[in-house]
Every structure is written in C-alpha cells, then in structure tokens.
Amino acid sequence: MTHPIVEALQRNEAQFIELRRHFHQHPEIGFEEQQTSQRVAELLQQWGYDVHRGMAKTGVVGTLKVGNGSKRLGLRADMDALPMQEDSGKAWSSTVAGKFHGCGHDGHTTTLLYAAEYLARTRNFNGTLHLIFQPAEELLYGGRVMVEDGLFDTFPCDHIFGLHNMPGQKLGKIGLRDGAMMASSDTLHIEVNGVGGHGALPEHTVDATLVACHITLALQSIVSRNITPFEPAVVTVGSIQAGHAPNIINEKVLMKLTVRTLNEKVRQTVLQRIHDIAVAQAESFNATATIRHINGSPVLTNNPAANEMVRTVAQDLFGQDAVATVGAFMGSEDFAFMLEKNPDGCYFTIGAGDEADRCMVHNPGYDFNDKILLTGAALWSALTEHYLR
Ligand SMILES: [Zn+2]
Ligand SMILES: [Zn+2]
C-alpha cells in the first residue's frame, strides 16, 4: 500500500521535475547563487514561510511554525554548481559554459522545496521547521560561513538533517552510517625557498625543486609510519609548481596538498607531522619551508539516535528494505560544520541507481536522477511529521 505522503506528493511530481531541470539549466557556483536563491525565496514566501535572506551572502532560511510545539527542526539543502563543462547530452543541459550542476545540488534544493510545498499545504505537524538553503558546499565552507553568520543563534534547531544523492547506490535506498561518515578535508600550501642560480653551477645554489621532491617523499611516511593502520588517512601532494627552464636552478617552489582523515585526533597528528617534516627537510638542505593552512572542514559525524529516526521514517514510508548501512567515504562535505556546531543530527545518502552506465558525481556526464526527488521529499516530509508531532 502506498503511504499517504507518497500519494500526496505523486500528484505534483511533474511540477518539481520541471523545477529541478530549470535549476539544472541555470547553474551558479559558490556564493554566486543569486538567481537560485531568489527563486527559492520566492517559492517559500508564496507557500507561507517566513523567509530570511543574505546569510553567507546567498543563503536562504525559510521558517514555518505550526501549533505550539516547542521542538525545532532544521533540514538543509545545498544550492551551488561546479565550475566544469557538462557533457550529459540531456535536453535540459546547462546553458552556462563552464558551469554545471555536476553534484546534484539542483536536485537537493528541489527535493527540499518539494517537501516545503507539501508541509505548508498540509501543516500536519506541531513545532518550528527551519529549511536551510546554503551556498558554496563545493568550496567546503559555505556551511561554515552560515554557522559563523549565526545560523543556529538566529534559528536554533534541536535536530538537523542533510542528504546527498549517491550514484552507484541502489535506486531510492537510504544509506546510513553511525559516527564518522565523511572525511575531514584540509588544504595546505607549502612554499619552499632556496637560492637560485645557473643549472651548471649547483655549488652556488640551494635547489628548491630538489627540496620539494624530498619533502614530497618524506610526507608519504606519515600515513605509513605515524598513523595506526586501523585509522584511514590520505596525504596527497596534488600540485608542485617549480621553474620553467632546464638550465636554471630554481629558488622557489609552491606545493599544494590535500589531507583527509576520519578522526579529529588523526587529523591533528597528520597536520602537525606535515609541518614538522616540511620544516626539517628544508632545513637539512639549507632551505626554508613555510606552511599555510588554506582551509579545512571537520570530520562529518552522525548521531546514531538521529540515524535511527531516519531509519524508522524511511522503513515506515518504503518498507523494511528501504535502508542500508553504508561505508565511510574519504570525500568531504561541509554539512560537517553544522553537525559540529549542532551534533544532534545526521547526514544520509539516497541511492541514485546502480546501473553500470550511471555517471558518478563530478563526472561531465552526470545528471541528478529525477526519480528520487519524490523519495527525498517524502522522507523530509515524514521526518518533519514524525519529529514535530
Ligand atoms: Zn560535489
Ligand atoms: Zn555534492
């Protein structure tokens, strides 16, 4: 038997598929989500929400208070696209060169709006609902800026939830994980300074390129020698910018690193070791290394009780098989900043389908699967009615 919420949502599914494709055609990247947030705000206002704009530049919060219940629930979606070219061949492909909803945030925004419309129309709950639309998730700090701008001071939430679509996961299956689910992410720059000179007269120089190579090799000892094999960690030197001619010994090198972990203590150990190794290696060659921490986001940690709530609601909507336990993922997600500030909550995935030809997020051929708009909207709606009953 179809659940009444699913039945109610089915009636206007076409309207929200159209809205999702509209957002897809008009992608905007981090902190530039002007048109998207304008549309989100207009719709929320039209449905009777109190709308707050301008948090983290383009963030939108829609609030709906029903009855006299004291509980406050926060549901969050991200609105930004990626700076990449789409090649999905879809009729609703991006109309903006070099910008593309390649992670499905068009779908996440639409999913939350889809639920917003249902919840405002039916008002079948008792308490305060905050719908949080954040910018710049792909930059991994839109969520942080929302929190710094006072998100939870202005809109206190007792529980918060976020979701992401997941290609490769069975269609509509809800993926849950207790505790650490997504990795911390830190971007570091290391500047190595030596003494430049003629390529044939090395005795007068301190070769910054050679020093950077030694640092790169030494950094790879951190995960293997300083971290227990039971804790995952990644140290990647993704960029080394050094010199341009064969006969010049280079005096300056810029190295760019990303660091991922699933444990805050491991994260701090890795960051400290990177600093110590880079400085000591450089010193051993009479060079210097300066380390700059460009940005970082914490480990995303789910509250098991919040996960249990999602599990109960999903199984009630879609049956016992609706949920699965998923593995941790070394990718990162800036909803982690919201969970860090407000740990009573969780983040889960919705399977976008496991067909062999389904593209992963951030692939030029990716497109959000419209079939799970209803799944997500039903889940947000049922979660609201369950938590704010
Ligand atoms: Zn992404
Ligand atoms: Zn994403």
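Is Cys103 buried or exposed? Keep that one in mind, everyone, and thanks for coming. What you see above is a predicted model, and I'd like to walk you through two parts of it.

Here is the answer to my opening question. Cys103 has 7% relative accessibility, so it counts as buried, the cut-off being under 20%.

Now let's see what Cys103 does there. Two zinc ions, ligand 1 and ligand 2, sit 3.2 Å apart, and Cys103 coordinates both of them. Let's take each ion in turn.

Start with the zinc ion (ligand 1). Its protein donors are the SG of Cys103, two OE atoms of Glu138 and the NE2 of His362, at 2.0 to 2.7 Å. The angles among these four donor atoms run from 52 to 149°, and the site is irregular. Along the sequence, the donor residues follow the spacing C-x34-E-x223-H. Cys103 belongs to the loop between strand 3 (72-78) and helix 4 (105-122), while Glu138 belongs to the loop between strand 4 (127-134) and helix 5 (142-148), so this pair ties together parts 35 residues apart in sequence.

Over to the zinc ion (ligand 2). Cys103 (SG) is joined here by His105 (NE2) and His164 (NE2), and the distances are 2.1 to 2.3 Å. The donor spacing in this case is C-x1-H-x58-H. His105 lies in helix 4 and His164 in strand 5 (residues 159-167), so these two tie together parts that are 59 residues apart in sequence. And how accessible are they? His105 has 0% relative accessibility and counts as buried; His164, at 6%, counts as buried too.

Let's leave the zinc ions and turn to a sheet. How are its strands ordered? This open sheet has four strands in the order 10-12-8-13, with antiparallel pairing. Strand 10 (233-242) and strand 13 (288-297) are the edge strands, each pairing on one side only. From one strand to the next, the twist averages 20°.

If you'd like to zoom in, look at strand 10 and strand 12 (residues 252-261). They run antiparallel and are joined by nine bridges. Within that pairing, Val237 stands opposite Leu257 in strand 12.

Two helices complete this picture. Helix 7 (residues 208-226) packs on the sheet and touches strand 8 (184-193), strand 10, strand 12 and strand 13. Its direction makes about 175° with that of strand 10. Helix 8 (residues 264-284) also packs on the sheet, touching strand 8, strand 10, strand 12 and strand 13. The direction of helix 8 makes about 160° with that of strand 13.

That's my tour, thank you!

Terms used:
Residues are numbered from 1 along each chain as its sequence is written. Chains are lettered from A and ligands numbered from 1 in the order in which they are written. This is a predicted model: local features need pLDDT of at least 70, side-chain atom pairs count only at pLDDT 80 or more; totals for chains, interfaces and linings use all residues. Side-chain values use heavy atoms; hydrogens and water are left out. Donors are N, O and S atoms within 2.8 Å of the metal (3.2 Å for Na, K and Ca); water is not among the atoms, so sites may look incomplete. Four donors count as tetrahedral if all angles lie between 85 and 135 degrees; four count as square planar and six as octahedral if opposite donors are over 155 degrees apart and all others between 65 and 115; anything else is irregular. Buried means under 20% relative accessible area, exposed over 50%, partly exposed in between (1.4 Å probe, protein chains only). Two strands pair if DSSP finds at least two bridges between them. Axes are lines fitted to C-alpha atoms, for helices over the stretch in contact, and angles run from 0 to 180 degrees between N-to-C directions. Contact means heavy atoms within 4.5 Å.
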